[in-house]
Amino acid sequence: MEGIGLQALVKLGGLDIDPIFQYFLPEYQYLGYFRDAIDYYQQALEVWEKIDDKAEVTGTLYNLGLTHLNSGRPDLALEYLERASILNKEVNNQRLQADLY
């Protein structure tokens, strides 16, 4: 299921979000809109888990970890980053592994 795209994700998961929104999440974080980014990532995570797309789950866990870290919640960041690291051993995304290292 890797790479099905956000529009398919929206249809499949019934997410009520604008597909363009995913591209602005880093900017939302830089502007301090951490709650919005976290909410979106949480919704996306639920769908990726539902369709068992481990690569997307791993990336979303990583993004949640970074967002929590940037929002001043290192405790939550560590939880998500550890989960991403464990799951990435199955996925074997070398770039993500380097980022997690």
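**View A. Asp 75, partly exposed at a relative accessibility of 42%, pairs with Arg 73.** This is a predicted model, so please read each close-up with that in mind. A salt bridge joins the side chains of Arg 73 and Asp 75, with 2.8 Å from N to O. Arg 73 has a relative accessible area of 37% and is partly exposed. Because the class runs between 20% and 50% relative accessible area, the 42% of Asp 75 puts this residue in it. In general, side chains of opposite charge can pair when their charged atoms come close. The count for the model comes to five salt bridges, and the next two views show further examples.

**View B. A salt bridge between Glu 49 and Arg 83 links distant parts of the chain.** The N to O distance in this pair is 3.4 Å. Glu 49 belongs to helix α3, which covers residues 34–50, while Arg 83 belongs to helix α5, residues 74–91. The two partners are 34 residues apart. Which accessibility class does Glu 49 fall into? Glu 49 counts as partly exposed, at 39% relative accessibility. For Arg 83, the relative accessibility is 39%, and this residue counts as partly exposed.

**View C. Asp 99 and Arg 95 pair within helix α6.** Here the side chains meet in a salt bridge at 3.4 Å, N to O. Both residues sit in α6, which spans residues 94–100. They are four residues apart, or about one turn of the helix. Arg 95 counts as exposed, with 65% relative accessibility, because the exposed class takes in values over 50%. Asp 99, at 37%, counts as partly exposed.

**View D. One aromatic pair is found in the model.** The partners are Tyr 40 and Tyr 41, whose ring centres lie 5.9 Å apart. Is this pair stacked, edge-to-face or tilted? The planes meet at 55°, so the pair is tilted; stacked would need an angle under 30 degrees and edge-to-face one over 60. Both tyrosines are buried: Tyr 40 has a relative accessible area of 5%, and Tyr 41 has one of 8%.

**View E. The largest nonpolar core holds 16 residues.** The members that touch the most others are Tyr 41, Leu 45, Trp 48, Val 57, Leu 61 and Leu 64. Helices α3, α4 (residues 54–70) and α5 each supply at least two residues of this core. Which helix gives the most? That is α3, with seven residues. Tyr 41 also appears in View D, as a partner of Tyr 40 in the tilted pair.

**View F. Val 57 has contacts with four named residues.** Setting aside residues up to four places away in sequence, Val 57 touches Leu 45, Trp 48, Glu 49 and Leu 87. Among these neighbours, Leu 45 and Trp 48 are core members that also appear in View E. Glu 49 is the acidic partner of Arg 83 in the salt bridge of View B.

**View G. The whole chain gives the setting for the close-ups.** The protein has six helices and zero strands, and from the N terminus the elements run α-α-α-α-α-α. Of its 101 residues, 35% are buried. Among contacts with a separation of 6 or more, residues 24 or more positions apart account for 49%. The accessible surface comes to about 6400 Å², and carbon and sulfur atoms hold 51% of that area.

Notes
Residues are numbered from 1 along each chain as its sequence is written. This is a predicted model: local features need pLDDT of at least 70, side-chain atom pairs count only at pLDDT 80 or more; totals for chains, interfaces and linings use all residues. Side-chain values use heavy atoms; hydrogens and water are left out. Rings of Phe, Tyr and Trp (its six-membered ring) pair if their centres lie within 6.5 Å; planes under 30 degrees apart count as stacked, over 60 as edge-to-face and the rest as tilted. Buried means under 20% relative accessible area, exposed over 50%, partly exposed in between (1.4 Å probe, protein chains only). A salt bridge is a side-chain nitrogen of Lys or Arg within 4 Å of a carboxyl oxygen of Asp or Glu. A nonpolar core is a set of buried Ala, Val, Leu, Ile, Met, Phe, Trp, Tyr and Cys residues joined through side-chain atoms within 4.5 Å. Contact means heavy atoms within 4.5 Å. Accessible areas come from the Shrake-Rupley method with a 1.4 Å probe; for residues, only the protein chains shown count as cover.
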